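Visitor: I have a chain open on screen and a few minutes to spare. Can you walk me through what holds the inside together?
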Amino acid sequence: MSACSLLVAGGRWRCFPVPLRSSLFQVLHNSCCRKKSTAPKKIIPNTAICDENTKEPGNALDKLFSSEQQASILHVLNTASNKELETFRLLRGRKSVNIIEHREKFGPFQNLESLMNVPLFQYKTTIQICNSILCPETGGKKRKFQDNRLLRKLIKPEIERGRLKAVNSIVSIVFGTRRIAWAHMDRKLAVLDWQQNECCQLMKGTYLSSVYLQEISSVISKMPKADFYVLEKIGLSIQNSSRFPVVLHFHIMEAMLYALLNTTFAQDGQHRVLSMNRNGVGKHFELMIGDTRTSGKELVKQFLSESVLKEEPRVVFPTEKVVHYRQMFSSTEQQRAEELYDSLLQAVAFYELAVFDTEP
């Protein structure tokens, strides 16, 4: 074995003389070196990405903005109130409070670098905040996109924002297995009408279409004209076979109301009947406990009381109808008339979320 060496080639053992073996190894070595030297190197830029917790030394922040831009940013940070600071999304919460506290303790900010001394302000976050102050419309566009996405989840079908903003009155309709309730409300959150009808015959028998048509037509004939009719959308799953009769009932009711209230759709193609997510309304009024929605009875009772006691109540009940609505409310407390309560809450949520884009 001194005169030869064993190599694996093509799956077989072969014997080569020592001189030849050395030549082969030299060739292989040179080839490897060439490949290594010609391989592209990974370029790491000098301005490495900063970690969120990194605080750049010196005046790195000041170099990123012109003197005019720095003056504009510092003017906002040194003069804006806590409420005004919170109009910038990145300054909501504790960051705006920290700015106010730092100003009161150390005086106005002299330069952008001094922002790094404020708790919760790191290098990258501070740059983003400065940019949002200089270009607030960017944040507005992003917020508008988020609002539109949330609105699409809340209301079906999708409606142009212009039509929603121009609404004068709506009829909010909530139906269950035994009754239909509706609330007619204008854009001042004044209750114009509020009623419920018993419909105990609908789920009896074999779901006759003629019975549904007769009952629902009778209820609709009592409803006033409005810009939109808003139906409660209940997300019951049909996977539970025991709930199938109830789910079928809700689908029939919804289809009937869409057809009977959307009378002009064939002519102008404009939707006037909308479905509003039930859980979305529950979250707006903090009535959700996990996936379960609690009763809105106490909240509606509060609205009735505030209409009399407060100068500017959240919901306005006409003076001449307050007594009537209180009596109606009292007479239904033992019946668990959730449809009546929910129709009013849905109307308020529609205006506050879809029309005015405001939180109470």
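Guide: Start with the largest nonpolar core, which has 42 residues. M185, W194, F285, F317 and F350 have the most contacts inside it. Keep in mind that this is a predicted model.

Visitor: Which elements give two or more residues to this core?

Guide: The helices are α7 (136–154), α13 (297–309), α14 (319–332) and α15 (338–355). The strands are β5 (179–186), β6 (191–198), β7 (228–233) and β8 (273–277).

Visitor: And where does the largest share come from?

Guide: From α15, which supplies eleven residues of this core.

Visitor: Back to M185. What is M185 in contact with, leaving aside neighbours within four places in sequence?

Guide: N168, S169, I170, A190, V191, V315, L344, A347, V348 and Y351. Apart from the largest core lies another core, of 23 residues. L61, I73, I127 and I133 are among them.

Visitor: Switching to rings. How many aromatic pairs does a search of the whole structure find?

Guide: Eight. One of them joins F317 and Y325, with 5.9 Å centre to centre and 65° between the planes. That pair is edge-to-face.

Visitor: Are F317 and Y325 buried or exposed?

Guide: Both F317 and Y325 are buried. Now take Y351 and F356, whose ring centres are 5.8 Å apart.

Visitor: Why is the Y351 and F356 pair stacked?

Guide: Because their planes are at 25°, and planes under 30 degrees apart count as stacked.

Visitor: What about burial for Y351 and F356?

Guide: Y351 counts as buried, because its relative accessibility is 0%. F356 has 28%, so F356 counts as partly exposed.

Visitor: Which residues form one aromatic cluster with W194?

Guide: F317 and Y325. W194 and F317 also appear among the residues with the most contacts inside the largest core.

Visitor: Cysteines next. How many disulfides are there?

Guide: Zero.

Visitor: Then is C130 buried or exposed?

Guide: C130 is buried, because its relative accessibility is 1%. C135 is partly exposed, with a relative accessible area of 35%.

Visitor: Let's zoom out. How many helices and strands does the protein chain have?

Guide: 15 helices and ten strands. The chain has 360 residues, and 38% of them count as buried.

Visitor: What about the surface and the contacts along the chain?

Guide: The chain exposes about 21700 Å², with carbon and sulfur atoms supplying 55% of it. Among contacts with a separation of 6 or more, 63% come from residues 24 or more positions apart.

Notes
Residues numbered from 1 in each chain as written. Predicted model: local features only at pLDDT ≥ 70, side-chain atom pairs only at ≥ 80, totals over all residues. Heavy atoms only, no water. Phe/Tyr/Trp six-rings, centres within 6.5 Å; stacked < 30°, edge-to-face > 60°. Buried < 20%, exposed > 50% of the residue type's maximum accessible area, 1.4 Å probe, protein only. Disulfide = S-S within 2.5 Å. Core = buried A, V, L, I, M, F, W, Y, C linked by side-chain atoms within 4.5 Å. Helix = DSSP H or I, 4+ residues; strand = E, 2+ residues; numbered from the N terminus. Contact = heavy atoms within 4.5 Å. Areas by Shrake-Rupley, 256 points an atom, 1.4 Å probe, with all protein chains shown as cover.
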